[in-house]
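Biologist: I am new to this one. Could you show me the structure, and then we can talk it through together?

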Amino acid sequence: MSIVDIVAIAWTLLALALVPMQLKTTAPYGRHARTDWGPSIGNQLGWCIMELVSLVVFAGLFLLGPNDKTEPMWVFFALWAAHYINRSLIFPWRTHTRGKSMPVAIVASAALFNIVNAGLNGGYLGSWGPVYPPEWISDPRFIGGLMVFALGAAINISSDNRLIGLRAKGGTDYTIPQGGLFRFVSCPNLMGEIIQWTGFAIMCWNLPALSFAVWTAANLIPRAVSHHKWYRAKFPDYPADRRAVIPGLI
Ligand SMILES: NC(=O)c1ccc[n+]([C@@H]2O[C@H](COP(=O)([O-])OP(=O)(O)OC[C@H]3O[C@@H](n4cnc5c(N)ncnc54)[C@H](OP(=O)(O)O)[C@@H]3O)[C@@H](O)[C@H]2O)c1
């Protein structure tokens, strides 16, 4: 087993070990924002900085690494880059959160998280891992994983769009989201993100991609549970049969 695989396994175990803490303490941004977490930064700028890190680190390590870049590897690169161009350069500026802020500590810890995940994945594909043969593109894991990724991305983006649309008339307050997968869960955008990176792990079939999928679920399931509890506490008429993130289950 290579060093990068050992690091990826240790990193994955850390994600699982931190789940109880994530269920107890919700990261204080968005609806869970607090003022006792030290200095803060504008919400949109914070999102842009912490997510741009992932784009830059992954792209740098992938493009500068000595590995030959075959077609399937360019597909991995394109998916990662497209996701993080949206998340860092487009999504933050579309949200109606002007005037809101988030703690610098959250931006710093998210940036660190992104450096490790993007570093492991970009470094693996660019340098430390094998060169994927061109035929990998017709492997059932690549095709199936790509379909799962596309499904997750579609759910994530369409649900984020629905949430952004709730404030189309102005303001920064919250209303009950309706329609789409919000009929079943409070946080289909987070569900979509988990599906998306699960698909990426299937199509890459390597430990760094698996560790990122596990980290995403370990972060977002507790966050969705917190969002869900918050909705129930805030809105007495909140739909009773709606779950947090997995329809019918959680
Ligand atoms: N890969 C990862 O580990 C990871 C980690 C975190 C986030 N993400 C992704 O980043 C995106 C944003 O995450 P998030 O936790 O900020 O999602 P979120 O809490 O659902 O918020 C998304 C946006 O919609 C607004 N919003 C949410 N619910 C609303 C409501 N009921 N009424 C009006 N506006 C509402 C939020 O405003 P406020 O900011 O004012 O609440 C925010 O601008 C998601 O797509 C998520 O999947 C990924």
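**A walk through the model**

Modeller: Happily, and let us begin at a helix end: Asn-206 caps the N-terminal end of α8, with a side-chain oxygen 2.8 Å from the backbone nitrogen of Ala-209. Helices here are DSSP runs of H or I with at least four residues, numbered from the N terminus. This is a predicted model, where local features need pLDDT of at least 70 and side-chain atom pairs count only at pLDDT 80 or more, while totals for chains, interfaces and linings use all residues. Residues are numbered from 1 along each chain as its sequence is written, and side-chain values use heavy atoms, leaving out hydrogens and water.

Biologist: What distance separates the end C-alpha atoms of α8?

Modeller: The expected span of a helix is 1.5 Å times one less than its number of residues. α8 has 28 residues, so it should span 40 Å. The model agrees, since the end C-alpha atoms of α8 are apart by 40 Å.

Biologist: Which helix gives the largest share of the shell around the ligand?

Modeller: The shell counts residues with a heavy atom within 4 Å of the ligand. There are 28 of them, and the closest are Lys-100, Asp-160, Tyr-174, Thr-175 and His-227. At least two shell residues come from each of α4 (71-94), α6 (140-165), α7 (188-204) and α8 (207-234). The largest share, 6 residues, comes from α8.

Biologist: How much of the ligand's accessible area does the protein cover?

Modeller: Let us start with the side chains whose N or O atoms lie by a ligand oxygen: Asp-160 at 2.7 Å, Arg-167 at 3.0 Å and Glu-193 at 2.8 Å. On its own, the ligand has 890 Å² of accessible area (Shrake-Rupley method, 1.4 Å probe). The protein covers 95%.

Biologist: Is Ala-105 buried, exposed or partly exposed?

Modeller: Ala-105 is found in helix α5 (residues 104-128). Buried means under 20% relative accessible area and exposed over 50%, with partly exposed in between (1.4 Å probe, protein chains only). Ala-105 has 36% relative accessibility, so it counts as partly exposed.

Biologist: Which helix supplies the largest share of the largest nonpolar core?

Modeller: A nonpolar core is a set of buried Ala, Val, Leu, Ile, Met, Phe, Trp, Tyr and Cys residues joined through side-chain atoms within 4.5 Å. The largest has 34 residues, and Phe-58, Trp-80 and Trp-197 are among those touching the most other members. Of this core, the largest share, 7 residues, comes from α4.

Key
A polar contact is a pair of N or O atoms within 3.5 Å; within protein, one must be able to donate a hydrogen and the other to accept it, and residues adjacent in sequence count only if both atoms are side-chain atoms.
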